[in-house]
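Here are my notes for you to read with the model open beside them. Take the points in order and find each element on screen as you go.

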Amino acid sequence: MPRPIARVLTLLELLQSGGIRTVSELADRLNVDERTVRRYAEQLVDLDVPVESVRGRYGGYRLAPAYRMPPLMLSDDEALAVLLGLVAGRRSGLTTATDTASETAAAKIRRVLPERLSRRLDAVLGSLAFTDPTGKVAAPESTVLLPIADAVHHHRPISIRYTGGNGRRSERTLHPHGVVAHSGRWYVTAADLSAGEDRTFRLDRITGVRILPGSFEPPAGLDPAKRVLTGLATAPYHHEVTLRVQGTAEQIHTRLPAGVAIVTELPSPSSAQPGTEHCCRVDLRVDRLDWLPAVLASLDRPFVIERPDELRGLVEAFAERLANFARRSP
């Protein structure tokens, strides 16, 4: 789609979200000058879209109040599920990097719903609050996500330009195995033909995706999500920690999730008494150790520190602080 046409459609999407949009705001969102915004508005009028020009200090453009598409036949539950999904997706990073996409999609849905249902949903969204702060998510561009997902689905090789965490840029040829969303980031697991090994790449660091001719046969038994979590847990950090914790992997993962720790259940010794709880080996790689004593205390499971010795001192100091706090009188 030619870029001017795409921007005209983006202008229509912005106006469909309701209210008056100033010319300067539209110019900033479209990355054009104000004269170009006026030309795009005239093009919409030529297409019989009722764009109104509002004069004055707070003037700009808006759509005529009567301009509506036919009602969208969704039940209350369906409409609420769609709109809450858009809100949650924007907060959690499960959207593309286009700033206007979720906003304009939600506005379009509200505009074509029956008025009774639209008012009720507006009340829900207007009164909704979140306990978790909105973090900056690393959402991928749609021009990156869509071709990679297509290549995964059809087993097609791709070429990408990638910028590593150290800022080093490279061009790589991949056999993509799966796309994974985790903690506000998107990843693709792939066989990196340039390096001759399996790798995981962040989609927000990828540019210039090209689908290459041919196809490949993915290995059997692939689990892209497990590979991403294992890769995050085994990434190089300043400290390598090894623990033995009495309990099941499920109990340990309540405080040390799979993206943080590798938990391996150990076989019970032959001399163990019947009913003795299993032990697990827990391996972590972390930049700092100071947060681990509190996590180990919250596990409330017997444990042994194998390495590093520095962690022993931190746990002892943490236990002493807790004991001192417990002895204080009101």
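**Notes on the sheet and its helices**

1. Start with the open sheet of four strands, whose order is 9-10-8-11 and whose pairing is antiparallel. Strands here are DSSP runs of E with at least two residues, helices are runs of H or I with at least four, and both are numbered from the N terminus. Two strands count as paired if DSSP finds at least two bridges between them. As background, strands of a sheet pair through backbone hydrogen bonds, either parallel or antiparallel.

2. A word on what you are looking at: this is a predicted model, in which local features need pLDDT of at least 70 and side-chain atom pairs count only at pLDDT 80 or more, while totals for chains, interfaces and linings use all residues. Residues are numbered from 1 along each chain as its sequence is written, and side-chain values use heavy atoms, with hydrogens and water left out.

3. Which strands stand at the edges of the sheet? They are strand 9 (261-265) and strand 11, each with a single partner strand, so one side of each has no neighbour in the sheet. On average, neighbouring strands are turned by 20° against each other, direction ignored.

4. Now follow the pairs. Strand 9 and strand 10 are antiparallel and share five bridges, with valine 263 opposite valine 282 in strand 10. Strand 10 (residues 279-286) also pairs with strand 8 (residues 239-246), in the antiparallel sense over eight bridges; here leucine 243 stands opposite valine 282. Strand 8 is joined to strand 11 (residues 303-307) by four bridges, and these two run antiparallel. In that pair, threonine 242 has arginine 307 of strand 11 as its bridge partner.

5. Next, look at what lies on the sheet. Helix 11 (residues 309-326) lies across strand 8 and strand 11, at about 140° to strand 11. Axes are lines fitted to C-alpha atoms, for helices over the stretch in contact, and angles run from 0 to 180 degrees between N-to-C directions.

6. Leucine 292 is a good residue to click on, and you will find it in helix 10 (residues 292-299). Is leucine 292 buried or exposed? It is buried, with a relative accessible area of 0%. (Buried means under 20% relative accessible area, exposed over 50%, and partly exposed in between, using a 1.4 Å probe and protein chains only.) Leaving aside neighbours within four places in sequence, leucine 292 is in contact with Val241, Leu284 and Leu311, where contact means heavy atoms within 4.5 Å.

7. Finally, visit helix 2 (residues 23-30) and helix 3 (residues 34-46), which pack at an angle of about 95° with their axes 9 Å apart. They are therefore roughly perpendicular (65 to 115 degrees; under 35 is roughly parallel, over 145 roughly antiparallel, and the rest oblique). Helix 2 contributes Val23, Ser24, Leu26, Ala27 and Leu30 to the contact, and helix 3 contributes Glu34, Val37, Arg38 and Tyr40.

8. Within helix 2, Val23, Leu26, Ala27 and Leu30 are buried. Seen down the helix axis, the buried residues of helix 2 fall within an arc of 100°, so they line one face; the arc is that of the directions from the helix axis to the C-beta atoms. Just after helix 2 comes asparagine 31, with a positive phi near 60°.
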